[in-house]
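Hi everyone, thanks for coming. Let's take a look at the structure together, and I'll walk you through a couple of spots.

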Amino acid sequence: ASSPTAPPAALAARAATLREQLERASHEYYVLDRPSLADAEYDRLFRELQTLEAEHPSLRTPDSPTQRVGAEPQSALPKHQHLVPMLSLGNAFSDEELTAWEERAVRLAGEDVRRAGYTAELKIDGAAVSLTYEDGVLVTGATRGNGTIGEVVTPNLRTIRDIPLRLHATNGVPAPTGVLEIRGEVYMPFSRFEQMNEARVQAGEPVFANPRNAAAGALRQLDPRITASRPLRFFGYSVVRPAHLAPLPFRTQWELLETLAAWGIPVAPSRKRCDTLDEVHAWASEIERNVRAQLDFAIDGAVVKVDPLRLQAELGDVGREPRWAVARKFAPDIAETTLTAIEVNI
Ligand SMILES: CC(C)(CNC(=O)c1ccc(Oc2ccccc2)cc1)c1ccc2c(N)nc(N)nc2n1
């Protein structure tokens, strides 16, 4: 017999179904850009879940879509120590510097580095954050801070539709158990950045210098309703967990990105598995010349990563920089350079 306070199992099951349907619809709408549920139907299900949670508060779980916006403003942002430090990328400004990076890695970890190959990714120019999930449920979100200590901005990150409140099992990839941290970049699409600045000019408010500053500023708001009003997106690119826990279900950076996507985390669209550094050079040039101008988000280069996690661990990091990854920087974005020049001259 169920106790008077516990909701009947049927209602708990209905609430779970609604959470699942609403989160999948949200993922299809915001991340895959191919909604299968009509807005009116989404709203009807959302209201049904809100009603269920109002009648049975124990059904109001942290991964419920009704809990994305609405936490009360905080006085100041509490601090969060990252489980594993968030590293910062060293820079290679030329193909020669990229080759020198590879030489050092080969000297340290042997020919396996070349034989195993690389994963090349877009270097998203946004605000780095770390998302802590426990048994697949988002429990903490924090800014990078100094790499070791960041600021807790969980209520703000929960307003970003790209960030799943619960990680899903899909096409044969099981949902993760235990604790893990997903690192990625919060960014503001150019199109929405311009739109927002235009509105700020009309409202007599100061405009943001660039999308990265706008994203970082939105993330550090004390009132999540302000964050919710800013058009923020997210791309994931790293997963870590404390060394003593069971290893993660992937062995390479490439498989890591595929797993993130399977869990429902958006991953930047252009990326390439490269067998040689020459392939990396060619891909990065192609991105700089032909892809960058078409993207609706800021990138400041490509990131090259030694693919096997075993070799990443062997190479380790020095001075907070991984030896197993490096940024191949592009020429600064003309618009940003011009703006900075104007600011300087005033
Ligand atoms: C590589 C890393 C610095 C993140 N990774 C980490 O911070 C990190 C930190 C400890 C780790 O611990 C290890 C676990 C196993 C093996 C080796 C290290 C692993 C990753 C980074 C930083 C910025 C990036 C960016 N703007 N765009 C893309 N596309 N990728 C980026 N990648």
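Here is a question to start: which of the 19 residues around the ligand come nearest? Have a look while I add that this is a predicted model. Right, the answer is Leu87, Glu121, Leu122, Ser238 and Lys305.

Let's go through some of these. At Leu87, a backbone N or O atom sits 3.1 Å from an oxygen atom of the ligand. At Leu122, a polar backbone atom is 2.8 Å from a nitrogen atom of the ligand. With Ser238 we turn to a side chain: one of its polar atoms lies 3.1 Å from a ligand nitrogen atom. On its own, the ligand has 670 Å² of accessible area, and the protein covers 85% of that.

Now, what kinds of residues make up this shell? There are 12 nonpolar, 5 charged and 2 polar ones. Several elements supply at least two shell residues each: the strands β3 (118-124), β7 (179-187), β8 (233-240) and β10 (299-306), along with helix α11 (309-315). And which element gives the most? That is β3, with 4 residues.

Let's finish with another residue, Arg19, which you'll find in helix α1, residues 9-31. Is Arg19 buried or exposed? Arg19 counts as buried, because its relative accessibility is 13% and the cut-off for buried is under 20%. Leaving aside residues up to four places away in sequence, Arg19 touches Leu49, Leu59, Thr61, Asp63, Ser64 and Pro65.

That's my tour, thanks for listening!

Note on methods. Residues numbered from 1 in each chain as written. Predicted model: local features only at pLDDT ≥ 70, side-chain atom pairs only at ≥ 80, totals over all residues. Heavy atoms only, no water. Buried < 20%, exposed > 50% of the residue type's maximum accessible area, 1.4 Å probe, protein only. Contact = heavy atoms within 4.5 Å. Near = heavy atom within 4 Å. Polar contact = N/O pair within 3.5 Å; in protein donor to acceptor, adjacent residues only side chain to side chain. Areas by Shrake-Rupley, 256 points an atom, 1.4 Å probe, with all protein chains shown as cover. Nonpolar A, V, L, I, M, F, W, Y, C, P; charged D, E, K, R; others polar.
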